[in-house]
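Biologist: I'm new to reading models like this one. Could you pick a single part, take a close look at it with me, and explain how it sits among its surroundings?

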Amino acid sequence: MAEKHISQYYLIKHGDIDTKTIYNLRKNGNITILTLEKLCRALDCSPNDIVRFT
């Protein structure tokens, strides 16, 4: 998000992502595939840029 200069506010207003989901992301909580898709569209990236399996 920092590289693309996109704020949490932008994701809420333009990415159709609610504040509860933003909170979960900040706390490394679980998200749905639908949320992952919305993030990828808002950030113009692929899931590999967001998710890392360990």
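Modeller: Sure, and let's sort out some words before we start. A residue is called buried when its relative accessible area is under 20%, exposed when that value is over 50%, and partly exposed when it falls in between. Take Gly-29 as a warm-up: its relative accessibility is 32%, so it counts as partly exposed. Also keep in mind that this is a predicted model. The protein averages a pLDDT of 88, and 100% of the residues score at least 70.

The part I'd pick is helix α3, which covers residues 33–43. Among the elements of the protein, α3 has the highest mean pLDDT, 91, while α1 has the lowest, 86.

Let's begin with the side that is tucked away. Which residues of α3 are buried? They are Thr-35, Leu-36, Leu-39, Cys-40, Ala-42 and Leu-43. If you look down the axis of α3, these buried residues fall within an arc of 165 degrees, so they line one face of the helix. There's a handy rule behind that kind of pattern: an α-helix has 3.6 residues a turn, so residues three or four places apart point the same way.

What does that buried side pack against? The buried residues of α3 pack against two other helices, α1 (8–14) and α2 (19–26). For a view from the other partner, go to Thr-21, which lies in α2. At 17% relative accessibility, Thr-21 is under the 20% cut-off, so it counts as buried too. If you leave aside its neighbours within four places in sequence, Thr-21 is in contact with Ile-31 and Thr-35. Thr-35 is one of the buried residues of α3 that we just listed.

Now turn the helix around. The face of α3 that points away from its buried side carries the exposed residues Ile-33 and Arg-41. Arg-41 has a relative accessibility of 63%, which is over 50%, so it counts as exposed.

Arg-41 also has a partner. Its side chain meets that of Glu-37 in a salt bridge, with 2.8 Å from N to O. Both residues lie in α3, four residues apart, or about one turn of the helix. Glu-37, at 36% relative accessibility, counts as partly exposed.

How many salt bridges turn up in the whole structure? A search finds two. Besides the pair we just saw, Lys-38 forms one with Asp-16, and their closest N and O atoms are 3.4 Å apart. This pair links distant parts of the chain: Lys-38 sits in α3, Asp-16 sits in the loop between α1 and α2, and 22 residues separate them. Lys-38 is partly exposed at 24% relative accessibility, whereas Asp-16 is exposed, with a relative accessible area of 58%.

Next, look at what lies on either side of the helix along the chain. In the loop between α2 and α3 you'll find Asn-28, and Gly-29 is in that loop as well. Asn-28 has a positive phi, near 55 degrees, although it is a residue other than glycine. It is also exposed, with a relative accessible area of 71%. Gly-29, our warm-up residue, is 19 residues from Tyr-10 in sequence, and their C-alpha atoms are 20 Å apart in space.

At the other end, α3 is followed by Asp-44, whose phi is positive too, near 55 degrees. Farther along, in the segment after α3, comes Val-51. How far is Val-51 from Leu-36, C-alpha to C-alpha? The two C-alpha atoms are separated by 8.7 Å, with the residues 15 apart along the chain. Leu-36, remember, is one of the buried residues of α3.

Val-51 itself is partly exposed, with a relative accessible area of 32%. Together with Ile-50 and Phe-53, Val-51 makes a nonpolar surface patch of about 310 Å².

So here's the picture to keep in your head. One face of α3 is lined by buried residues that pack against α1 and α2. The face turned away from them carries Ile-33 and Arg-41. And Lys-38 of α3 is joined by a salt bridge to Asp-16, back in the loop between α1 and α2.

Definitions and conventions: Residues are numbered from 1 along each chain as its sequence is written. This is a predicted model: local features need pLDDT of at least 70, side-chain atom pairs count only at pLDDT 80 or more; totals for chains, interfaces and linings use all residues. Side-chain values use heavy atoms; hydrogens and water are left out. Patches are made of residues with over 30% relative accessible area and no salt bridge: like charges are joined within 9 Å, nonpolar side chains (Val, Leu, Ile, Met, Phe, Trp, Tyr) within 5 Å. Accessible areas come from the Shrake-Rupley method with a 1.4 Å probe; for residues, only the protein chains shown count as cover. A salt bridge is a side-chain nitrogen of Lys or Arg within 4 Å of a carboxyl oxygen of Asp or Glu. Buried means under 20% relative accessible area, exposed over 50%, partly exposed in between (1.4 Å probe, protein chains only). The arc is that of the directions from the helix axis to the C-beta atoms. Contact means heavy atoms within 4.5 Å. pLDDT is the predictor's confidence in each residue, from 0 to 100.
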